[in-house]
Amino acid sequence: MSELQTWGRYRRTPQKSIDHGWRDAPLPSPSLGTMLPYGQGRSYGDVAQNSGGRLVSTRNLDRFMSFDSGTGRVRAESGVRLCDILEVATPLGWYLAVAPGTQFVSLGGAIANDVHGKNHHRAGTFGHHVLRFELLRSDGSRLLCSRDEHPDWFAATVGGLGLTGLVTWAEISLRRIRSTRVDVETIPFASLSEYLALCDSSDETHEYTVGWFDCFSYHGGRFRGLFTRANHADASTPGTRPARALANVPFELPLNVVRPVAMRMFNRAYHRLGRAHAGRVATMPLDRFLYPLDRIGHWNRLYGKLGFLQLQCVIPLEQARSGIEELLDRIAAARQGTFLAVLKRFGAHPPCGILSFPRSGVTLALDFPYRGDATLQLFDALHDSVRRHGGRIYPAKDACMTAATFEAGYPDWRRLEPFVDPAFSSDFWARVTCGHAK
Ligand SMILES: Cc1cc2nc3c(=O)[nH]c(=O)nc-3n(C[C@H](O)[C@H](O)[C@H](O)COP(=O)(O)OP(=O)(O)OC[C@H]3O[C@@H](n4cnc5c(N)ncnc54)[C@H](O)[C@@H]3O)c2cc1C
(Lines give C-alpha, C1' and ligand atoms only; values in the text may rest on other atoms or scores of the structure.)
Protein backbone atom coordinates (compact mmCIF):
# COMPACT_ATOMS: atom_id res chain seq x y z
CA MET A 1 0.00 0.00 0.00
CA SER A 2 1.35 3.43 -0.80
CA GLU A 3 0.02 6.94 -0.79
CA LEU A 4 -0.92 8.52 -4.10
CA GLN A 5 -2.02 11.97 -3.15
CA THR A 6 -4.36 14.61 -4.41
CA TRP A 7 -2.93 18.02 -5.24
CA GLY A 8 -4.99 19.82 -2.56
CA ARG A 9 -3.71 17.38 0.09
CA TYR A 10 -7.01 17.75 1.89
CA ARG A 11 -8.63 14.72 3.57
CA ARG A 12 -6.03 12.11 2.74
CA THR A 13 -7.27 8.56 2.66
CA PRO A 14 -4.69 5.82 2.15
CA GLN A 15 -4.95 4.50 -1.39
CA LYS A 16 -3.99 1.06 -2.59
CA SER A 17 -1.85 1.14 -5.66
CA ILE A 18 -0.69 -1.47 -8.09
CA ASP A 19 3.08 -1.41 -7.72
CA HIS A 20 3.19 2.18 -8.90
CA GLY A 21 3.18 1.50 -12.56
CA TRP A 22 1.04 -0.76 -14.62
CA ARG A 23 2.09 -1.69 -18.18
CA ASP A 24 0.95 -4.55 -20.36
CA ALA A 25 -0.56 -6.89 -17.80
CA PRO A 26 -4.34 -7.35 -17.73
CA LEU A 27 -6.10 -4.93 -15.42
CA PRO A 28 -6.52 -6.28 -11.90
CA SER A 29 -9.41 -8.65 -11.38
CA PRO A 30 -12.62 -6.87 -10.41
CA SER A 31 -12.86 -9.40 -7.57
CA LEU A 32 -10.11 -7.37 -5.85
CA GLY A 33 -12.44 -4.35 -5.67
CA THR A 34 -12.95 -1.33 -7.88
CA MET A 35 -10.08 0.41 -9.66
CA LEU A 36 -9.31 3.84 -11.09
CA PRO A 37 -6.56 5.17 -13.39
CA TYR A 38 -4.13 7.59 -11.72
CA GLY A 39 -2.04 9.98 -13.82
CA GLN A 40 0.17 12.64 -12.22
CA GLY A 41 -2.16 13.37 -9.28
CA ARG A 42 -2.51 17.03 -10.30
CA SER A 43 -6.26 17.07 -9.68
CA TYR A 44 -6.98 19.02 -6.53
CA GLY A 45 -9.78 16.95 -5.04
CA ASP A 46 -10.77 13.32 -5.18
CA VAL A 47 -11.45 12.53 -8.85
CA ALA A 48 -8.21 10.55 -8.83
CA GLN A 49 -8.81 8.85 -5.47
CA ASN A 50 -10.48 5.51 -4.85
CA SER A 51 -10.25 4.68 -1.18
CA GLY A 52 -12.62 1.73 -1.49
CA GLY A 53 -10.47 0.07 -4.15
CA ARG A 54 -7.25 0.42 -6.11
CA LEU A 55 -5.45 3.02 -8.17
CA VAL A 56 -3.80 2.01 -11.41
CA SER A 57 -0.87 4.36 -11.91
CA THR A 58 -0.09 5.11 -15.57
CA ARG A 59 3.43 6.23 -14.72
CA ASN A 60 4.97 3.40 -16.78
CA LEU A 61 2.85 4.16 -19.85
CA ASP A 62 5.48 6.66 -20.86
CA ARG A 63 6.38 5.88 -24.47
CA PHE A 64 5.99 8.00 -27.58
CA MET A 65 4.55 5.99 -30.46
CA SER A 66 4.75 8.45 -33.34
CA PHE A 67 5.16 12.12 -34.17
CA ASP A 68 4.55 13.54 -37.64
CA SER A 69 6.39 16.84 -37.72
CA GLY A 70 4.61 17.71 -40.99
CA THR A 71 1.07 17.54 -39.59
CA GLY A 72 1.73 17.96 -35.86
CA ARG A 73 0.05 14.67 -34.96
CA VAL A 74 1.43 12.95 -31.87
CA ARG A 75 0.58 9.48 -30.64
CA ALA A 76 1.77 8.59 -27.16
CA GLU A 77 0.94 6.35 -24.24
CA SER A 78 -1.38 7.93 -21.73
CA GLY A 79 1.16 8.36 -18.93
CA VAL A 80 3.30 10.67 -21.08
CA ARG A 81 3.20 14.16 -19.58
CA LEU A 82 2.34 17.30 -21.50
CA CYS A 83 5.81 18.68 -20.70
CA ASP A 84 7.33 15.57 -22.39
CA ILE A 85 5.29 16.27 -25.53
CA LEU A 86 6.39 19.91 -25.47
CA GLU A 87 10.02 18.93 -25.15
CA VAL A 88 9.79 17.01 -28.42
CA ALA A 89 7.39 19.24 -30.32
CA THR A 90 8.35 22.80 -29.41
CA PRO A 91 11.77 22.84 -31.12
CA LEU A 92 9.97 21.74 -34.30
CA GLY A 93 7.51 24.65 -34.15
CA TRP A 94 4.54 22.80 -32.64
CA TYR A 95 2.72 23.42 -29.37
CA LEU A 96 -0.26 22.01 -27.48
CA ALA A 97 -3.46 23.39 -28.96
CA VAL A 98 -4.81 23.65 -25.39
CA ALA A 99 -2.62 23.78 -22.30
CA PRO A 100 -3.88 23.81 -18.68
CA GLY A 101 -2.16 25.92 -16.02
CA THR A 102 0.47 23.24 -15.39
CA GLN A 103 2.42 21.17 -17.89
CA PHE A 104 3.00 18.37 -15.36
CA VAL A 105 -0.18 16.44 -16.15
CA SER A 106 -0.49 13.22 -18.08
CA LEU A 107 -2.12 12.82 -21.46
CA GLY A 108 -4.71 10.47 -19.91
CA GLY A 109 -5.47 12.95 -17.11
CA ALA A 110 -5.86 15.82 -19.59
CA ILE A 111 -8.40 13.76 -21.55
CA ALA A 112 -10.28 12.44 -18.51
CA ASN A 113 -10.87 15.98 -17.17
CA ASP A 114 -11.12 17.52 -20.65
CA VAL A 115 -8.89 20.34 -19.43
CA HIS A 116 -9.02 23.93 -20.64
CA GLY A 117 -6.52 26.76 -20.89
CA LYS A 118 -6.20 30.50 -21.35
CA ASN A 119 -7.29 30.18 -24.98
CA HIS A 120 -10.63 28.47 -24.44
CA HIS A 121 -12.37 31.31 -26.33
CA ARG A 122 -10.34 30.34 -29.40
CA ALA A 123 -9.47 26.65 -29.15
CA GLY A 124 -12.09 25.02 -26.90
CA THR A 125 -10.88 22.24 -24.64
CA PHE A 126 -8.17 19.58 -24.83
CA GLY A 127 -10.73 17.06 -26.09
CA HIS A 128 -11.38 19.15 -29.20
CA HIS A 129 -7.84 18.26 -30.32
CA VAL A 130 -7.91 14.57 -29.47
CA LEU A 131 -8.12 12.51 -32.65
CA ARG A 132 -8.43 9.02 -31.20
CA PHE A 133 -7.46 6.80 -28.32
CA GLU A 134 -7.60 3.22 -27.13
CA LEU A 135 -9.82 2.42 -24.15
CA LEU A 136 -9.08 -0.70 -22.09
CA ARG A 137 -12.02 -2.06 -20.12
CA SER A 138 -11.92 -4.29 -17.07
CA ASP A 139 -13.19 -7.26 -19.11
CA GLY A 140 -10.03 -7.03 -21.23
CA SER A 141 -11.74 -5.56 -24.30
CA ARG A 142 -10.05 -2.69 -26.14
CA LEU A 143 -12.03 -0.04 -28.00
CA LEU A 144 -10.59 2.32 -30.56
CA CYS A 145 -12.48 5.60 -30.04
CA SER A 146 -12.64 8.65 -32.30
CA ARG A 147 -15.33 10.95 -33.63
CA ASP A 148 -16.10 8.30 -36.29
CA GLU A 149 -15.41 5.08 -34.46
CA HIS A 150 -17.37 4.46 -31.25
CA PRO A 151 -18.20 8.17 -31.04
CA ASP A 152 -20.44 7.58 -28.01
CA TRP A 153 -17.51 6.05 -26.10
CA PHE A 154 -15.35 8.96 -27.24
CA ALA A 155 -17.84 11.48 -25.78
CA ALA A 156 -18.18 9.50 -22.57
CA THR A 157 -14.42 9.17 -22.01
CA VAL A 158 -13.39 12.76 -22.83
CA GLY A 159 -14.20 14.45 -19.52
CA GLY A 160 -15.32 11.03 -18.22
CA LEU A 161 -13.21 11.29 -15.04
CA GLY A 162 -11.46 7.96 -15.61
CA LEU A 163 -14.67 6.00 -15.08
CA THR A 164 -15.18 4.45 -18.51
CA GLY A 165 -11.92 2.45 -18.56
CA LEU A 166 -8.22 3.11 -18.91
CA VAL A 167 -6.99 5.13 -21.90
CA THR A 168 -3.81 3.30 -22.89
CA TRP A 169 -2.67 5.68 -25.66
CA ALA A 170 -4.01 8.71 -27.48
CA GLU A 171 -3.35 10.66 -30.65
CA ILE A 172 -3.71 14.44 -30.54
CA SER A 173 -3.15 17.25 -32.98
CA LEU A 174 -0.79 20.06 -32.04
CA ARG A 175 -0.82 23.51 -33.52
CA ARG A 176 1.88 25.49 -35.28
CA ILE A 177 3.38 28.41 -33.43
CA ARG A 178 5.63 31.04 -34.86
CA SER A 179 7.50 31.67 -31.63
CA THR A 180 7.85 30.29 -28.11
CA ARG A 181 7.66 33.82 -26.79
CA VAL A 182 4.53 35.86 -26.22
CA ASP A 183 3.79 39.57 -26.22
CA VAL A 184 1.88 40.18 -23.02
CA GLU A 185 -0.17 43.23 -22.17
CA THR A 186 -1.55 43.94 -18.70
CA ILE A 187 -4.59 46.16 -18.16
CA PRO A 188 -6.05 47.03 -14.74
CA PHE A 189 -9.78 46.57 -14.15
CA ALA A 190 -11.98 47.30 -11.17
CA SER A 191 -15.23 45.39 -11.62
CA LEU A 192 -16.70 42.40 -13.37
CA SER A 193 -18.33 44.61 -16.00
CA GLU A 194 -14.94 46.12 -16.81
CA TYR A 195 -13.45 42.63 -16.99
CA LEU A 196 -16.15 41.50 -19.44
CA ALA A 197 -15.68 44.61 -21.57
CA LEU A 198 -11.97 43.75 -21.82
CA CYS A 199 -12.89 40.21 -22.92
CA ASP A 200 -15.20 41.71 -25.57
CA SER A 201 -12.42 43.80 -26.99
CA SER A 202 -9.71 41.11 -26.77
CA ASP A 203 -11.21 37.70 -27.56
CA GLU A 204 -11.07 38.35 -31.30
CA THR A 205 -7.62 39.84 -31.31
CA HIS A 206 -5.75 37.82 -28.67
CA GLU A 207 -4.96 34.13 -28.41
CA TYR A 208 -4.72 34.10 -24.61
CA THR A 209 -6.69 36.09 -22.05
CA VAL A 210 -7.05 35.76 -18.29
CA GLY A 211 -8.01 37.94 -15.33
CA TRP A 212 -6.57 38.01 -11.82
CA PHE A 213 -7.97 40.05 -8.94
CA ASP A 214 -7.23 40.77 -5.33
CA CYS A 215 -9.95 38.94 -3.46
CA PHE A 216 -9.25 40.93 -0.27
CA SER A 217 -9.91 44.21 -2.05
CA TYR A 218 -13.49 43.27 -3.00
CA HIS A 219 -16.15 45.65 -1.74
CA GLY A 220 -19.57 46.40 -3.21
CA GLY A 221 -18.83 45.03 -6.68
CA ARG A 222 -15.38 46.71 -6.96
CA PHE A 223 -11.93 45.15 -6.68
CA ARG A 224 -8.37 45.52 -7.90
CA GLY A 225 -7.88 43.35 -10.95
CA LEU A 226 -5.37 42.80 -13.74
CA PHE A 227 -6.42 41.59 -17.17
CA THR A 228 -3.70 39.93 -19.20
CA ARG A 229 -3.85 39.26 -22.91
CA ALA A 230 -1.19 37.79 -25.11
CA ASN A 231 -0.28 36.73 -28.62
CA HIS A 232 2.70 34.81 -29.91
CA ALA A 233 5.59 37.15 -30.67
CA ASP A 234 7.11 37.41 -34.13
CA ALA A 235 9.42 34.55 -35.03
CA SER A 236 12.23 37.07 -35.22
CA THR A 237 11.89 37.95 -31.52
CA PRO A 238 15.21 36.82 -30.08
CA GLY A 239 15.70 34.26 -27.35
CA THR A 240 13.70 31.13 -26.65
CA ARG A 241 15.13 30.19 -23.29
CA PRO A 242 12.55 27.99 -21.54
CA ALA A 243 11.21 29.15 -18.19
CA ARG A 244 13.09 27.61 -15.28
CA ALA A 245 11.78 26.65 -11.84
CA LEU A 246 12.45 29.44 -9.35
CA ALA A 247 12.20 27.37 -6.21
CA ASN A 248 10.98 24.10 -4.75
CA VAL A 249 9.15 23.41 -1.50
CA PRO A 250 11.08 20.26 -0.54
CA PHE A 251 8.74 18.88 2.14
CA GLU A 252 5.34 19.40 3.63
CA LEU A 253 5.36 22.27 6.11
CA PRO A 254 3.80 21.42 9.48
CA LEU A 255 1.69 24.59 9.35
CA ASN A 256 -0.05 26.54 6.66
CA VAL A 257 2.23 29.47 5.88
CA VAL A 258 -0.27 31.01 3.49
CA ARG A 259 -1.52 33.49 6.09
CA PRO A 260 -4.08 36.26 5.43
CA VAL A 261 -1.54 38.99 6.24
CA ALA A 262 0.96 37.53 3.79
CA MET A 263 -1.72 37.07 1.13
CA ARG A 264 -2.90 40.67 1.48
CA MET A 265 0.66 41.95 1.18
CA PHE A 266 1.36 39.73 -1.79
CA ASN A 267 -1.84 40.77 -3.56
CA ARG A 268 -1.18 44.46 -3.03
CA ALA A 269 2.40 44.18 -4.28
CA TYR A 270 1.37 42.05 -7.26
CA HIS A 271 -1.32 44.53 -8.26
CA ARG A 272 1.06 47.45 -7.90
CA LEU A 273 3.59 45.70 -10.12
CA GLY A 274 0.92 44.94 -12.73
CA ARG A 275 -0.26 48.57 -12.74
CA ALA A 276 3.29 49.74 -13.20
CA HIS A 277 3.49 47.66 -16.38
CA ALA A 278 0.06 48.71 -17.67
CA GLY A 279 0.06 49.91 -21.26
CA ARG A 280 3.41 48.30 -22.06
CA VAL A 281 3.87 45.10 -23.99
CA ALA A 282 6.30 42.70 -22.34
CA THR A 283 7.75 39.77 -24.26
CA MET A 284 8.27 36.62 -22.24
CA PRO A 285 8.65 32.85 -22.68
CA LEU A 286 5.33 31.18 -23.37
CA ASP A 287 5.91 28.62 -20.61
CA ARG A 288 6.34 31.36 -18.03
CA PHE A 289 3.11 32.95 -19.14
CA LEU A 290 1.07 29.75 -19.34
CA TYR A 291 2.40 27.95 -16.26
CA PRO A 292 3.35 30.57 -13.65
CA LEU A 293 2.75 28.15 -10.76
CA ASP A 294 5.09 25.52 -12.22
CA ARG A 295 7.96 27.81 -11.32
CA ILE A 296 7.63 26.81 -7.67
CA GLY A 297 7.91 23.04 -7.35
CA HIS A 298 5.38 21.49 -4.94
CA TRP A 299 3.87 24.86 -4.02
CA ASN A 300 0.90 22.94 -2.63
CA ARG A 301 3.06 22.00 0.39
CA LEU A 302 2.97 25.64 1.53
CA TYR A 303 -0.54 24.98 2.82
CA GLY A 304 0.80 22.59 5.45
CA LYS A 305 -0.64 19.30 6.65
CA LEU A 306 -4.28 20.30 6.32
CA GLY A 307 -3.95 21.24 2.67
CA PHE A 308 -6.33 23.47 0.73
CA LEU A 309 -9.51 23.46 -1.30
CA GLN A 310 -10.22 25.14 -4.58
CA LEU A 311 -13.52 26.42 -5.81
CA GLN A 312 -13.72 26.55 -9.58
CA CYS A 313 -17.11 27.16 -11.06
CA VAL A 314 -18.54 28.45 -14.31
CA ILE A 315 -21.63 30.66 -14.38
CA PRO A 316 -23.59 31.36 -17.57
CA LEU A 317 -22.96 34.81 -18.99
CA GLU A 318 -26.39 36.28 -18.21
CA GLN A 319 -26.02 35.42 -14.52
CA ALA A 320 -22.26 35.85 -14.25
CA ARG A 321 -22.21 39.30 -12.71
CA SER A 322 -24.78 38.69 -9.99
CA GLY A 323 -23.47 35.16 -9.34
CA ILE A 324 -19.83 36.13 -8.98
CA GLU A 325 -20.61 39.19 -6.91
CA GLU A 326 -22.67 37.04 -4.55
CA LEU A 327 -19.77 34.57 -4.25
CA LEU A 328 -17.36 37.38 -3.44
CA ASP A 329 -19.79 38.91 -0.92
CA ARG A 330 -20.01 35.56 0.85
CA ILE A 331 -16.24 35.15 0.90
CA ALA A 332 -15.80 38.66 2.29
CA ALA A 333 -18.46 38.04 4.96
CA ALA A 334 -16.67 34.84 5.98
CA ARG A 335 -13.42 36.85 6.15
CA GLN A 336 -11.65 34.29 4.02
CA GLY A 337 -9.53 35.28 1.08
CA THR A 338 -6.97 33.89 -1.22
CA PHE A 339 -4.19 35.03 -3.49
CA LEU A 340 -5.20 32.80 -6.27
CA ALA A 341 -8.34 34.40 -7.70
CA VAL A 342 -8.68 33.94 -11.43
CA LEU A 343 -11.37 34.82 -13.96
CA LYS A 344 -11.68 33.49 -17.48
CA ARG A 345 -14.50 33.92 -19.96
CA PHE A 346 -15.15 30.64 -21.76
CA GLY A 347 -16.10 30.67 -25.41
CA ALA A 348 -19.20 29.11 -26.94
CA HIS A 349 -17.65 25.83 -28.19
CA PRO A 350 -20.04 22.91 -27.85
CA PRO A 351 -18.74 20.61 -25.11
CA CYS A 352 -16.67 17.67 -26.24
CA GLY A 353 -17.66 15.14 -23.61
CA ILE A 354 -20.84 14.32 -21.70
CA LEU A 355 -19.34 15.65 -18.45
CA SER A 356 -16.95 18.27 -19.87
CA PHE A 357 -16.88 21.18 -17.44
CA PRO A 358 -16.43 24.26 -19.67
CA ARG A 359 -19.52 25.91 -21.07
CA SER A 360 -20.21 29.40 -22.31
CA GLY A 361 -19.88 31.76 -19.34
CA VAL A 362 -17.38 33.05 -16.82
CA THR A 363 -15.23 30.71 -14.76
CA LEU A 364 -13.88 31.76 -11.38
CA ALA A 365 -11.15 29.85 -9.52
CA LEU A 366 -10.18 30.52 -5.91
CA ASP A 367 -7.89 28.63 -3.49
CA PHE A 368 -8.62 28.48 0.25
CA PRO A 369 -6.40 27.06 2.99
CA TYR A 370 -8.39 24.34 4.73
CA ARG A 371 -9.49 25.56 8.16
CA GLY A 372 -11.88 22.80 9.17
CA ASP A 373 -15.63 23.32 9.45
CA ALA A 374 -15.43 27.05 8.71
CA THR A 375 -14.06 26.29 5.24
CA LEU A 376 -16.59 23.53 4.59
CA GLN A 377 -19.46 25.82 5.64
CA LEU A 378 -18.16 28.51 3.32
CA PHE A 379 -18.00 26.00 0.47
CA ASP A 380 -21.61 24.95 1.17
CA ALA A 381 -22.67 28.57 0.87
CA LEU A 382 -20.60 29.11 -2.29
CA HIS A 383 -21.98 25.98 -3.93
CA ASP A 384 -25.47 27.20 -3.11
CA SER A 385 -24.74 30.48 -4.94
CA VAL A 386 -23.32 28.62 -7.94
CA ARG A 387 -26.40 26.39 -8.08
CA ARG A 388 -28.86 29.26 -7.85
CA HIS A 389 -27.11 31.08 -10.67
CA GLY A 390 -27.28 28.09 -13.00
CA GLY A 391 -23.57 27.29 -12.71
CA ARG A 392 -21.51 24.17 -12.15
CA ILE A 393 -18.38 23.13 -10.25
CA TYR A 394 -15.26 21.69 -11.91
CA PRO A 395 -14.79 18.05 -10.77
CA ALA A 396 -11.00 18.22 -11.26
CA LYS A 397 -10.81 20.87 -8.55
CA ASP A 398 -13.57 19.67 -6.28
CA ALA A 399 -13.44 17.77 -2.99
CA CYS A 400 -16.78 18.43 -1.36
CA MET A 401 -19.67 19.12 -3.75
CA THR A 402 -22.85 17.28 -2.77
CA ALA A 403 -24.89 14.97 -4.99
CA ALA A 404 -27.55 17.71 -5.29
CA THR A 405 -25.03 20.32 -6.48
CA PHE A 406 -23.59 17.85 -8.97
CA GLU A 407 -27.02 16.98 -10.35
CA ALA A 408 -27.97 20.66 -10.65
CA GLY A 409 -24.75 21.47 -12.53
CA TYR A 410 -24.67 18.34 -14.69
CA PRO A 411 -28.33 17.45 -15.29
CA ASP A 412 -27.24 15.03 -18.03
CA TRP A 413 -24.85 13.07 -15.82
CA ARG A 414 -26.94 9.90 -16.12
CA ARG A 415 -25.99 9.72 -19.80
CA LEU A 416 -22.54 8.68 -18.59
CA GLU A 417 -23.82 5.75 -16.54
CA PRO A 418 -24.11 3.14 -19.35
CA PHE A 419 -20.44 3.75 -20.17
CA VAL A 420 -19.06 3.55 -16.63
CA ASP A 421 -17.00 0.38 -16.29
CA PRO A 422 -18.63 -1.71 -13.53
CA ALA A 423 -15.19 -2.34 -12.02
CA PHE A 424 -14.22 1.37 -11.95
CA SER A 425 -15.07 3.97 -9.33
CA SER A 426 -13.66 7.00 -7.54
CA ASP A 427 -14.22 8.82 -4.27
CA PHE A 428 -15.62 11.72 -6.29
CA TRP A 429 -18.09 9.48 -8.11
CA ALA A 430 -19.17 7.67 -4.94
CA ARG A 431 -19.86 11.05 -3.30
CA VAL A 432 -21.74 12.79 -6.10
CA THR A 433 -23.88 9.79 -7.05
CA CYS A 434 -24.59 8.74 -3.48
CA GLY A 435 -28.31 8.50 -2.82
CA HIS A 436 -29.12 8.12 -6.53
CA ALA A 437 -30.42 4.71 -7.56
CA LYS A 438 -27.95 3.19 -10.00
C1 LIG B 1 -1.05 24.24 -10.87
C2 LIG B 1 -2.24 23.61 -11.56
C3 LIG B 1 -2.88 24.33 -12.53
C4 LIG B 1 -3.98 23.77 -13.20
N5 LIG B 1 -4.59 24.49 -14.17
C6 LIG B 1 -5.62 23.95 -14.86
C7 LIG B 1 -6.23 24.66 -15.93
O8 LIG B 1 -5.85 25.78 -16.25
N9 LIG B 1 -7.25 24.06 -16.59
C10 LIG B 1 -7.68 22.81 -16.27
O11 LIG B 1 -8.61 22.31 -16.91
N12 LIG B 1 -7.13 22.11 -15.25
C13 LIG B 1 -6.11 22.66 -14.56
N14 LIG B 1 -5.52 21.94 -13.55
C15 LIG B 1 -6.05 20.60 -13.23
C16 LIG B 1 -5.33 19.50 -14.03
O17 LIG B 1 -5.05 19.94 -15.33
C18 LIG B 1 -6.26 18.30 -14.13
O19 LIG B 1 -6.67 17.90 -12.85
C20 LIG B 1 -5.61 17.11 -14.87
O21 LIG B 1 -6.62 16.22 -15.20
C22 LIG B 1 -4.57 16.41 -14.01
O23 LIG B 1 -3.96 15.37 -14.79
P24 LIG B 1 -3.16 14.19 -14.05
O25 LIG B 1 -2.33 13.49 -15.04
O26 LIG B 1 -2.47 14.73 -12.85
O27 LIG B 1 -4.37 13.24 -13.65
P28 LIG B 1 -4.86 12.77 -12.22
O29 LIG B 1 -5.12 13.95 -11.37
O30 LIG B 1 -3.98 11.72 -11.68
O31 LIG B 1 -6.25 12.12 -12.65
C32 LIG B 1 -7.29 12.95 -13.13
C33 LIG B 1 -8.42 12.10 -13.70
O34 LIG B 1 -7.97 11.45 -14.86
C35 LIG B 1 -8.20 10.06 -14.79
N36 LIG B 1 -7.14 9.43 -15.58
C37 LIG B 1 -5.81 9.62 -15.46
N38 LIG B 1 -5.17 8.88 -16.38
C39 LIG B 1 -6.10 8.21 -17.09
C40 LIG B 1 -6.05 7.28 -18.16
N41 LIG B 1 -4.91 6.87 -18.69
N42 LIG B 1 -7.22 6.79 -18.62
C43 LIG B 1 -8.41 7.19 -18.10
N44 LIG B 1 -8.51 8.06 -17.09
C45 LIG B 1 -7.37 8.58 -16.59
C46 LIG B 1 -8.18 9.77 -13.31
O47 LIG B 1 -8.91 8.59 -13.00
C48 LIG B 1 -8.86 10.99 -12.75
O49 LIG B 1 -10.25 10.86 -12.83
C50 LIG B 1 -4.42 22.46 -12.87
C51 LIG B 1 -3.76 21.73 -11.87
C52 LIG B 1 -2.67 22.30 -11.22
C53 LIG B 1 -1.96 21.50 -10.16
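Gly39, Gly101, Gly108, Gly109 and Gly162 come nearest to the ligand among the 33 residues around it. The model is predicted. Its secondary structure amounts to eleven helices and 20 strands. Two open sheets are described below, one of five strands and one of eight, together with the helices α8 and α9, which pack against each other.

**Shell around the ligand**

- Helix α2 (107-112) and the strands β2 (35-38) and β9 (166-173) each contribute at least two residues to the shell around the ligand.
- The largest contribution to this shell is that of α2, which gives four residues.
- By residue class, the shell around the ligand holds 16 nonpolar residues, 16 polar residues and one charged residue.

**Overall dimensions**

- The C-alpha trace of the protein spans about 60 × 55 × 45 Å along its principal axes.
- The protein has a radius of gyration of 21 Å, and the globule rule gives 22 Å for 438 residues; the two values are close, so the protein is as compact as a globular protein of that length.

**Five-stranded sheet**

- The strands of this open sheet follow the order β4-β5-β9-β7-β8, and their pairing is antiparallel.
- At its edges are β4 (64-68) and β8 (142-146), each of which pairs on one side only.
- From one strand to the next, the twist averages 10 degrees.
- Four bridges join β4 to strand β5 (residues 73-77) in the antiparallel sense.
- Phe67 has Val74 of β5 opposite it.
- Strand β9, which has a place in the order of this sheet, is also one of the elements that supply at least two residues to the shell around the ligand.

**Eight-stranded sheet**

- This second open sheet is antiparallel in its pairing, with the strand order β15-β11-β13-β12-β18-β19-β17-β20.
- Its edge strands, β15 (281-285) and β20 (392-393), each pair on one side only.
- Strand β18 (residues 341-346) pairs with strand β19 (residues 361-369) over six bridges, in the antiparallel sense.
- Val342 has Ala365 in β19 as its bridge partner.

**Helices α8 and α9**

- Helix α8 (residues 317-333) packs with helix α9 (residues 373-388) at an angle of about 170 degrees, and their axes are 9 Å apart.
- Because angles over 145 degrees count as roughly antiparallel, α8 is roughly antiparallel to α9.
- On the α8 side, the contact is made by Gly323, Glu326, Leu327 and Arg330; on the α9 side, Ala381, Leu382, Ser385 and Val386 make the contact.
- The residues of this contact comprise four nonpolar, two polar and two charged.

**Helices against the eight-stranded sheet**

- Helix α8 lies across β12 (208-219), β17 (308-315) and β19, and runs at about 15 degrees to β19.
- Helix α9 lies across β17, β19 and β20, and runs at about 5 degrees to β17.
- Strands β17 and β19 are listed both among the strands that α8 lies across and among those that α9 lies across.
- Strand β20, which α9 lies across, is an edge strand of the sheet.

Technical notes. Residues are numbered from 1 along each chain as its sequence is written. This is a predicted model: local features need pLDDT of at least 70, side-chain atom pairs count only at pLDDT 80 or more; totals for chains, interfaces and linings use all residues. Two strands pair if DSSP finds at least two bridges between them. Axes are lines fitted to C-alpha atoms, for helices over the stretch in contact, and angles run from 0 to 180 degrees between N-to-C directions. A residue is near a molecule or strand if its C-beta atom, placed from the backbone, lies within 6 Å of it. Ala, Val, Leu, Ile, Met, Phe, Trp, Tyr, Cys and Pro count as nonpolar, Asp, Glu, Lys and Arg as charged, and the others, Gly among them, as polar. Angles under 35 degrees count as roughly parallel, over 145 as roughly antiparallel, 65 to 115 as roughly perpendicular and the rest as oblique. Two residues are in contact if their C-beta atoms, placed from the backbone, lie within 7 Å. The radius of gyration is taken over C-alpha atoms; the globule rule is 2.2 Å times the number of residues to the power 0.38.
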